[in-house]
Amino acid sequence: MIDGASRIGLTMSSAVSPPAKPAEAQKQFAAFFKEALNRVNEAQIQADALTEKLVRGGNVQLHDVMIAAQKASITLQLTLEIRNKAIEAYQEMMRMPL
């Protein structure tokens, strides 16, 4: 599962760099997150294209369509879980007393 996440670009290893100023870190995180979301979107688009090709009678194997759809589903689920954890962390920080 983790190997699959690294193949679609949803790992943080590429985002690790020497300590940066908060503004730079924010830009790096935003760029990483945008790239990850673009890859999830690309997986969804590819799955939709293969499904449409299959429905129209194109030269595509059913198992290829199912694999692409499952990959798109898993990447979307992973993205949603990351979002949920980020929201939980934010809410926890907001509950902390000063």
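At 67% relative accessibility, Arg 56 counts as exposed, and the side chain of this residue meets that of Glu 52 in a salt bridge. What you're looking at is a predicted model, so treat this as a quick tour of what that model shows. We'll start with helix H2, which covers residues 22–55, then look at a nonpolar patch and finish with the salt bridges.

**Helix H2: length and packing**

- How far apart are the end C-alpha atoms of H2? They are 49 Å apart.
- That agrees with expectation, because the 34 residues of H2 should span 50 Å at 1.5 Å a residue.
- Several H2 residues are tucked away from the surface: Phe 32, Ala 36, Val 40, Ala 43, Ala 47 and Leu 50 are buried.
- What do the buried residues of H2 pack against? Their partner is helix H3, residues 62–95.
- Look just past H2 and you'll find Gly 57, which takes a positive phi of about 85 degrees.

**The nonpolar patch**

- Which residues make the nonpolar surface patch? Phe 29, Phe 33, Leu 37 and Ile 82 do, and the patch comes to about 340 Å².
- Helix H2 gives the largest share of this patch, with 3 residues.
- Phe 29 is partly exposed, because its relative accessible area of 48% falls between the 20% cut-off for buried and the 50% cut-off for exposed.
- Phe 33 is in helix H2 too, and its 32% relative accessibility also makes it partly exposed.

**The aromatic pair**

- The structure has 1 aromatic pair.
- That pair is Phe 29 with Phe 33, and it is stacked, with 5.9 Å centre to centre and 15 degrees between the planes.
- Why does it count as stacked? The angle of 15 degrees is under the 30 degrees that the label asks for, so the pair qualifies.
- Both residues lie in helix H2, 4 residues apart, which is about one turn of the helix.

**Salt bridges**

- Here's the basic idea: side chains of opposite charge can pair when their charged atoms come close.
- How many salt bridges turn up in a search of the whole structure? The total is 4, and here are some of them.
- Arg 39 and Glu 35 meet through their side chains in a salt bridge, 2.9 Å from N to O.
- Arg 39 and Glu 35 are 4 residues apart in helix H2, so about one helical turn separates them.
- Arg 39 is partly exposed at a relative accessible area of 35%, and Glu 35 is partly exposed at 40%.
- Back to the pair we opened with: between Arg 56 and Glu 52, the N to O distance is 3.0 Å.
- Is Arg 56 buried or exposed? Arg 56 is exposed, because its 67% is over the 50% cut-off.
- Its partner Glu 52 is partly exposed, with 42% relative accessibility.
- Over in helix H3, Lys 85 and Glu 88 are 3 residues apart, so they too are separated by about one helical turn.
- The side chains of Lys 85 and Glu 88 form a salt bridge with an N to O distance of 3.9 Å, which counts because the cut-off is 4 Å.
- Lys 85 is exposed, with a relative accessible area of 54%, whereas Glu 88 is partly exposed at 43%.

Methods. Residues are numbered from 1 along each chain as its sequence is written. This is a predicted model: local features need pLDDT of at least 70, side-chain atom pairs count only at pLDDT 80 or more; totals for chains, interfaces and linings use all residues. Side-chain values use heavy atoms; hydrogens and water are left out. Patches are made of residues with over 30% relative accessible area and no salt bridge: like charges are joined within 9 Å, nonpolar side chains (Val, Leu, Ile, Met, Phe, Trp, Tyr) within 5 Å. Accessible areas come from the Shrake-Rupley method with a 1.4 Å probe; for residues, only the protein chains shown count as cover. Helices (H or I, at least four residues) and strands (E, at least two) are DSSP runs, numbered from the N terminus. Buried means under 20% relative accessible area, exposed over 50%, partly exposed in between (1.4 Å probe, protein chains only). Rings of Phe, Tyr and Trp (its six-membered ring) pair if their centres lie within 6.5 Å; planes under 30 degrees apart count as stacked, over 60 as edge-to-face and the rest as tilted. The expected span of a helix is 1.5 Å times one less than its number of residues. Contact means heavy atoms within 4.5 Å.
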